[in-house]
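Thanks for coming, everyone. Let me put the structure on the screen, and then we can walk through it together.

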Amino acid sequence: MKFTLVSLLALCISTVTFAQNPTDAGVASTSPPLAAVVSRGSEYTIRWAVTDQTATFIDAINLMKGVATALDIIIPNILANGSVPVSDLSYNWTIPAELTPGADYALRFVGNNSGTSYTPFFSIQ
Ligand SMILES: *[C@@H]1O[C@H](CO)[C@@H](O)[C@H](O)[C@H]1NC(C)=O
Ligand SMILES: *[C@@H]1O[C@H](CO)[C@@H](O)[C@H](O)[C@H]1NC(C)=O
Ligand SMILES: *[C@@H]1O[C@H](CO)[C@@H](O)[C@H](O)[C@H]1NC(C)=O
């Protein structure tokens with residue numbers, strides 16, 4: 001019971017924080033999920049949901065690697081043809097074959113509102 005109340009409270013706080021966060025890109029990634037394993041050289045479909053109906057474009061998707069407090073940008077923008085409309089809800093990424101394998105990769109969406117949203121950590125092998 002105590003756990004449930006604490007969880008509920010935590011959920012309420014994070015929901016409120018999320019809704020008021022002006023630095024969010026207006027999207028929430030749905031794929032890759034946490035700890036997904038994707039293969040170098042293959043095509044992978046990145047997916048997101050719209051969390052802010054006023055969001056229009058994703059201007060860049062950065063490939064990042066490291067620990068949450070100190071992520072390095074490995075590829076500044078994986079978008080081959082520039083901005084994609086938020087309403088596309090997905091993007092087919094050809095994962096470069098030359099990337100260093102690792103389980104500490106994440107993607108950062110940069111909205112045209114300059115806000116950012118992150119995927120969870122996933123693995124490139
Ligand atoms: C980028 O544009 C080229 C030329 O129109 C197209 O062949 C390619 O599929 C596009 N790439 C992506 C990831 O949309
Ligand atoms: C992305 O890849 C999927 C599966 O191969 C394909 O059905 C879809 O048409 C592709 N989307 C784009 C925008 O190329
Ligand atoms: C985002 O893109 C839309 C459509 O091009 C544009 O109207 C809007 O001004 C842009 N927002 C920002 C903050 O650049």
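Strand β4, which covers residues 57-67, pairs with β5 in the antiparallel sense over five bridges, where pairing requires that DSSP finds at least two bridges between two strands. Keep in mind that this is a predicted model, in which local features need pLDDT of at least 70 and side-chain atom pairs count only at pLDDT 80 or more, while totals for chains, interfaces and linings use all residues. Residues are numbered from 1 along each chain as its sequence is written, and chains are lettered from A and ligands numbered from 1 in the order in which they are written.

Two residues lie between β4 and β5, and the two strands form a hairpin; one of the bridges joins valine 67 to alanine 70 in β5.

How many of the six residues of β5 are buried? The count is zero for this strand, residues 70-75, so it is hardly covered, given that a buried residue has 20 or more other C-beta atoms within 10 Å of its own, an exposed one 12 or fewer, and a partly exposed one a number in between, with C-beta atoms placed from the backbone. Across the chain of 125 residues, buried ones make up 21%.

Stepping back, the chain has one helix and 10 strands, and from the N terminus on the helix precedes the strands; these elements are DSSP runs numbered from the N terminus, helices being H or I with at least four residues and strands E with at least two.
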